[in-house]
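Here's a short set of exercises to work through with the model open beside you. Try each task before you read its solution.

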Amino acid sequence: PLPMYRFVMAQPVVTGAACMDDTQCACDGGASGTYCSDTPSATTVLRETMDAGLSAGWIVTGGAQSSVAVSSGGSYYFNRNNTRRLVSPAIDTRQAAFVEYTLSLTSSTLITLAYSTDGMSTWTLLASSSGQGTSAPGTYSIALPDPARTGYTQFMWWQGYYGSATSHYWGIDSIYIGPGATQLSEASFTSLLDPAVFPFTHNGVFGAYCGRNALYFNG
C-alpha cells in the first residue's frame, strides 16, 4: 500500500491564518508569511525531456540521469539499493487536464503515481503501472481528478518494493503535466508547434522538406 508520508511536526499546521498566541505554527501547502497567505508561484505547465537533466525543484531518490533512451535521448533510471522515488516541483494544475509520461519497467516492477496538495505531508494514489515481463517502454496518460487540480500540486512516482539493486529497476522519460488541446487543427509548420497539442516531437526536426515547411523525422 502507498504510505501516507505524513510528517510529524512539533507545531500545528494552519492555512490562511496565523496563530495568535505564543504557539509556533507552520503553514501547509507551501504557504508562508505571518498569515500563511503568501504562496510561491508555481508553473502551470511542466515538460521534461530529461535529455539535459531535470529543471529545478525535482527530488530524485535512488535514481540518476541515464543515457539509456526510454522514449528519446536521455532518461532517469532508478536502480539503487534504497528508496526509489521521483517527486515533481509544485505545479499550478487548476487548468491542467492530465499527466503523461513514458516508463520502462522490468518484470514484476510496480510503480505508483501519487499527488500531494499539502506540501508532501500526505499523498493520494492516482495510478499504478506494472511490468509485464518486458522492459519495452509504455506511455501513460492519466486524467487529473478535481482534487488534484490546485494551485500547488506535486506528483510522485514511487517504487514500494524492489528485490535488489540489480532487479525491479525502471526508467522514466518525457513527463508532461498541463492542459490538453481544446481543438486539433491542421498544422502549418511555419513555426514551433503548440506544446499543448504536441508536448514532444522526439527526433523531429523543423525545416524544408520537399520544398515545403515541415516537421520531419529521421532517427
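**Exercise 1. Is Asp92 buried or exposed, and what is its relative accessible area?**

Before starting, note that this is a predicted model, where local features need pLDDT of at least 70 and side-chain atom pairs count only at pLDDT 80 or more, while totals for chains, interfaces and linings use all residues. Residues are numbered from 1 along each chain as its sequence is written, and side-chain values use heavy atoms, with hydrogens and water left out.

Step 1: Get the cut-offs straight. Buried means under 20% relative accessible area, exposed over 50%, and partly exposed in between (1.4 Å probe, protein chains only).

Step 2: Apply them. Asp92 has a relative accessible area of 14%, so it's buried.

Step 3: Place the residue. Asp92 sits in the loop between β7 and β8; strands (E, at least two residues) and helices (H or I, at least four) are DSSP runs numbered from the N terminus.

Step 4: Look around it. Not counting residues up to four places away in sequence, Asp92 touches Ala42, Thr43, Thr44, Thr150 and Gly151; contact here means heavy atoms within 4.5 Å.

**Exercise 2. Find how many salt bridges the structure holds, and say which residues form them.**

Step 1: Fix the criterion: a side-chain nitrogen of Lys or Arg within 4 Å of a carboxyl oxygen of Asp or Glu.

Step 2: Count. The structure has two salt bridges.

Step 3: Start with Asp92. Its partner is Arg94, with the closest N and O atoms 2.7 Å apart.

Step 4: Go on to Asp146, which pairs with Arg149, the closest N and O atoms being 3.7 Å apart. Asp146 is exposed because its relative accessible area is 60%, while Arg149, at 32%, is partly exposed.

**Exercise 3. Asp173 is buried too, so to speak of its charge: which side chain of opposite charge is nearest, and how far away?**Step 1: Locate Asp173 in strand β13 (residues 170–178).

Step 2: Sort the charges: Lys and Arg count as positive, Asp and Glu as negative, and His and the chain ends are not counted.

Step 3: Check the distance. The nearest side chain of opposite charge is Arg47, 12 Å away, and Asp173 has no salt bridge.

Step 4: See what Asp173 does touch. Leaving aside its neighbours within four places in sequence, its contacts include Thr49, Met50, Ser71, Ser72 and Tyr101.

**Exercise 4. Work out which backbone oxygens the side chain of Arg84 reaches.**

Step 1: Arg84 lies in strand β7 (residues 84–87). With 0% relative accessibility, it counts as buried.

Step 2: Use the polar contact rule: a pair of N or O atoms within 3.5 Å, where within protein one must be able to donate a hydrogen and the other to accept it, and residues adjacent in sequence count only if both atoms are side-chain atoms.

Step 3: Read off the partners. The side chain of Arg84 comes to 2.8 Å from the backbone oxygen of Arg80, and a polar atom of that side chain lies 3.1 Å from the backbone oxygen of His168.

Step 4: Add the backbone view: the C-alpha atoms of Arg84 and Gly62 are 4.4 Å apart, though 22 residues separate them along the chain.

**Exercise 5. Describe the nonpolar cores.**

Step 1: Define one: a set of buried Ala, Val, Leu, Ile, Met, Phe, Trp, Tyr and Cys residues joined through side-chain atoms within 4.5 Å.

Step 2: The largest has 27 residues, and those with the most contacts inside it include Leu86, Tyr101, Phe155 and Trp157. Strands that each supply at least two residues of this core include β8 (98–105), β12 (154–159) and β13.

Step 3: There's also a second, separate core of six residues, with Val87, Ala114, Met120 and Trp158 among them.

Step 4: Pause at Met120. It lies in the loop between β9 and β10, and its phi is near 75°, a positive value in a residue other than glycine. Most residues other than glycine have a negative phi.

**Exercise 6. Decide where to be careful with this model.**

Step 1: pLDDT is the predictor's confidence in each residue, from 0 to 100. The chain's mean is 74, and 59% of its residues reach 70 or more.

Step 2: Compare the elements. Strand β1 (residues 13–14) has the lowest mean pLDDT, 44, and β12 the highest, 94.

Step 3: Flag the weak stretches. pLDDT is below 50 over residues 1–18 and stays under 50 over residues 182–186. Where pLDDT is low, the predicted coordinates should not be read in detail.
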